[in-house]
Amino acid sequence: MMKVFEEPNRNQWMDLVTRPSGHDLSQDSLVENILQEVRSQGDMALKKYTAKFDQVTLTSFIVTKDEIEQAIAIVPEDLKNAILLAKANIETFHSSQIREVKIIETMPGVLCWQGSKPIEKIGIYIPGGTAPLFSTVLMLAVPAKIAGCNEIILCSPPDRNGDINSSILFAAHICGVNKIFKIGGAQAIAAMAYGTKEVPSVYKIFGPGNSFVTAAKMKVQQEGIAIDMPAGPSEVLICADDTADPDWVAIDLLSQAEHGTDSQVVLVTDSKELAGKVQEQLKIQLKELPRKSFASGALNHSHVIILKKINDQIDFINTYAPEHLIINHANADEIANRINNAGSIFIGPYSPESVGDYASGTNHTLPTSAYAKAYSGVNLDSFTKKITYQKLTAEGLQGIGPIVEIMAEAEHLIAHKLAISKRLEKIKKQE
């Protein structure tokens with residue numbers, strides 16, 4: 001069960017905000033070997049590691065149109081409708097992030113603006129093991145399509161029959177993703193980073209995964225392949241007071257704990273009584289979960305933090321920088337406004353984190369492990385790059401040119417200065 005810390009000193013906080021460490025040097029070595037083999041041997045290496053880790057022998061990794069049609073046919077209608085509604089909400093929210101181009105005249109005749117261009121080729125990794133995340137297909141493919149990405153590659157591990165989960169294929173189909181490959185793990189990241197005969201290379205890789213996938217993403221990033229963000233096991237922090245329903249607080253904690261034994265959940269409260277009731281509910285509700293072994297493992301390295309002062313609670317939350325923050329508190333809106341570090345915030349008792357995971361419209365691909373101090377969650381901008389533009393008239397160059405000449409000469413960059421001077425001389429002769 002969760003360990004309780006009552007009024008911990010601030011010098012203890014760094015220990016309390018440290019996530020469970022799953023780092024393994026042997027894992028780093030294995031991931032490096034996988035990357036090198038896929039880079040040098042291509043599809044042959046992919047077949048080797050698919051047989052080893054997924055226990056299935058494939059002659060091709062490509063998901064065919066027939067396979068997609070067969071998968072669509074077996075997805076229950078109620079699930080199809082739920083996925084379609086979630087897709088519509090995600091489209092609505094992410095479409096609202098399109099920004100109008102504004103041309104700014106910084107000086108007379110000096111025009112500057114910024115424009116977005118889609119990243120032409122992106123890769124999406126979708127876990128397909130104990131929890132096939134078809135919802136992540138929506139979270140990544142929908143904004144990619146809105147952004148205008150030309151090529152979207154999707155990789156997901158096959159089961160022992162050589163198939164990808166039918167709901168993942170349905171979600172990909174309705175999002176217009178048709179380049180789908182039966183590849184999982186670090187080898188999938190390698191395939192998208194380097195390209196093989198069957199799998200095209202991409203410019204940026206998105207998607208969650210286990211520690212091997214995360215390690216592979218971090219390594220290819222060092223080689224110039226962009227990734228969405230550093231990401232680790234899922235986590236939630238709940239800020240609650242005695243107005244919160246302990247039943248709801250407990251199930252919200254468990255909803256993240258069930259992701260895996262390496263997840264972490266934290267309760268921050270000023271109420272010792274609420275903390276006790278939540279612990280009781282955790283014991284009761286844990287027994288009902290099909291994934292109770294995962295949740296139980298996560299609870300073993302999770303915390304209850306009791307802090308009487310609201311300022312201390314807010315400071316602790318900002319220090320922890322949670323991936324998900326649920327504020328089930330009488331002053332939820334006020335607290336939310338004072339949070340600087342969080343991936344996504346759920347305000348009030350009727351806003352469970354589950355709605356953000358699936359259907360409210362916000363993106364569930366979020367920074368973990370305190371990276372929310374510096375990183376945003378996935379949004380429309382994640383699929384674009386910004387290009388700045390400037391256009392000067394002759395009048396504009398005459399106005400700004402002398403300033404640039406002075407600055408360039410002071411930095412001893414004379415060619416920079418002459419690029420201005422030569423133009424100004426010709427403009428003067430033409431007057």
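**Exercise 1. A residue in a loop**

In this predicted model, is Asn331 buried, partly exposed or exposed? Find out also where Asn331 sits in the chain and how far Asn331 is from Asp241.

*Solution.* Step 1: start with the surface. The relative accessibility of Asn331 is 41%. Partly exposed is the class between 20% and 50%, so Asn331 counts as partly exposed.
Step 2: find the place in the chain. Asn331 belongs to the loop between β12 and α14 (332–337).
Step 3: compare sequence with space. Asn331 and Asp241 are separated by 90 residues in sequence, yet their C-alpha atoms are 9.2 Å apart.

**Exercise 2. The surroundings of a histidine**

Describe where His324 lies, and work out whether His324 is buried or exposed. Then say which side chain makes a polar contact with the side chain of His324.

*Solution.* Step 1: locate the residue. His324 is part of strand β12, which covers residues 324–328.
Step 2: check the accessibility. For His324 the value is 2%; since buried means under 20%, His324 counts as buried.
Step 3: look for the polar partner. The side chains of His324 and Glu353 make a polar contact at 3.1 Å.
Step 4: look further along the sequence. With neighbours within four places left aside, the contacts of His324 include Ser234, Glu235, Val236 and Leu237. Gln256, Phe346 and Asp357 are also among the contacts of His324.

**Exercise 3. Classifying aromatic pairs**

How many aromatic pairs does the structure hold? Decide what kind of pair Phe206 and Phe383 form, then do the task again for Tyr371 and Tyr375.

*Solution.* Step 1: begin with the count. There are seven aromatic pairs in the structure.
Step 2: take the two phenylalanines. The ring centres of Phe206 and Phe383 are 4.3 Å apart and the planes meet at 10 degrees. Planes under 30 degrees apart count as stacked, so Phe206 and Phe383 are a stacked pair.
Step 3: place this pair in the chain. Phe206 is in strand β7 (residues 204–206), while Phe383 is in the loop between α15 (353–358) and β14 (384–392). The pair links distant parts of the chain, 177 residues apart. Both Phe206 and Phe383 are buried.
Step 4: turn to the tyrosines. Tyr371 and Tyr375 have 5.7 Å between their ring centres and 85 degrees between their planes, an edge-to-face pair.
Step 5: add their accessibility. Tyr371, at 34%, counts as partly exposed. Tyr375, at 36%, counts as partly exposed too.

**Exercise 4. A cluster and two arginines**

Which residues form one aromatic cluster together with Trp13? Find which arginine lies over the face of Tyr320 and which one lies over the face of Phe294.

*Solution.* Step 1: name the cluster. Phe316 and Tyr320 join Trp13 in one aromatic cluster.
Step 2: stay with Tyr320. Arg19 lies over the face of Tyr320, 3.6 Å from the ring centre.
Step 3: move to the other ring. Arg291 lies over the face of Phe294, at 4.3 Å from the ring centre.

**Exercise 5. A pocket and a cavity**

What volume does the second largest pocket have, and which element gives the most to its lining? Do the same for the largest cavity, starting with its volume and ending with the element that gives the most to its lining.

*Solution.* Step 1: describe the pocket. The second largest pocket has a volume of about 320 Å³. Its lining has 15 residues, with Arg99, Glu100, Gly115, Ser116 and Lys386 nearest the centre.
Step 2: find the elements of the pocket lining. At least two lining residues come from each of β3 (110–118), α6 (134–147) and β14. β3 gives the most, with three residues.
Step 3: describe the cavity. The largest cavity holds about 40 Å³ of space. Among its lining residues are Gly207, Pro208, Thr214, Met218 and Ala231.
Step 4: find the main element of the cavity lining. Helix α9 (residues 211–221) gives the most, with three residues.

**Exercise 6. Positive phi angles**

Where are Ala370 and His412 found, and what phi does each have?

*Solution.* Step 1: recall the background. Most residues other than glycine have a negative phi.
Step 2: examine Ala370. Its phi is positive, about 70 degrees, although Ala370 is not a glycine. Ala370 is in the loop between α15 and β14.
Step 3: examine His412. This residue has a positive phi of about 65 degrees and is not a glycine either. His412 is in the loop between α16 (394–410) and α17 (414–430). At 67% relative accessibility, His412 counts as exposed.

Notes
Residues are numbered from 1 along each chain as its sequence is written. This is a predicted model: local features need pLDDT of at least 70, side-chain atom pairs count only at pLDDT 80 or more; totals for chains, interfaces and linings use all residues. Side-chain values use heavy atoms; hydrogens and water are left out. Helices (H or I, at least four residues) and strands (E, at least two) are DSSP runs, numbered from the N terminus. Buried means under 20% relative accessible area, exposed over 50%, partly exposed in between (1.4 Å probe, protein chains only). A polar contact is a pair of N or O atoms within 3.5 Å; within protein, one must be able to donate a hydrogen and the other to accept it, and residues adjacent in sequence count only if both atoms are side-chain atoms. Contact means heavy atoms within 4.5 Å. Rings of Phe, Tyr and Trp (its six-membered ring) pair if their centres lie within 6.5 Å; planes under 30 degrees apart count as stacked, over 60 as edge-to-face and the rest as tilted. A charge sits over a ring if NZ of Lys or CZ of Arg is within 6 Å of the ring centre and within 35 degrees of the ring normal. On a 1 Å grid over the protein atoms alone, a cavity is a set of points where a 1.4 Å probe fits but cannot get out, and a pocket is an open set with protein on both sides within 12 Å along at least five of seven lines; lining residues have an atom within 4 Å of a point. Grid points are joined across faces, edges and corners, and a volume is the space filled by probe spheres set on the points.
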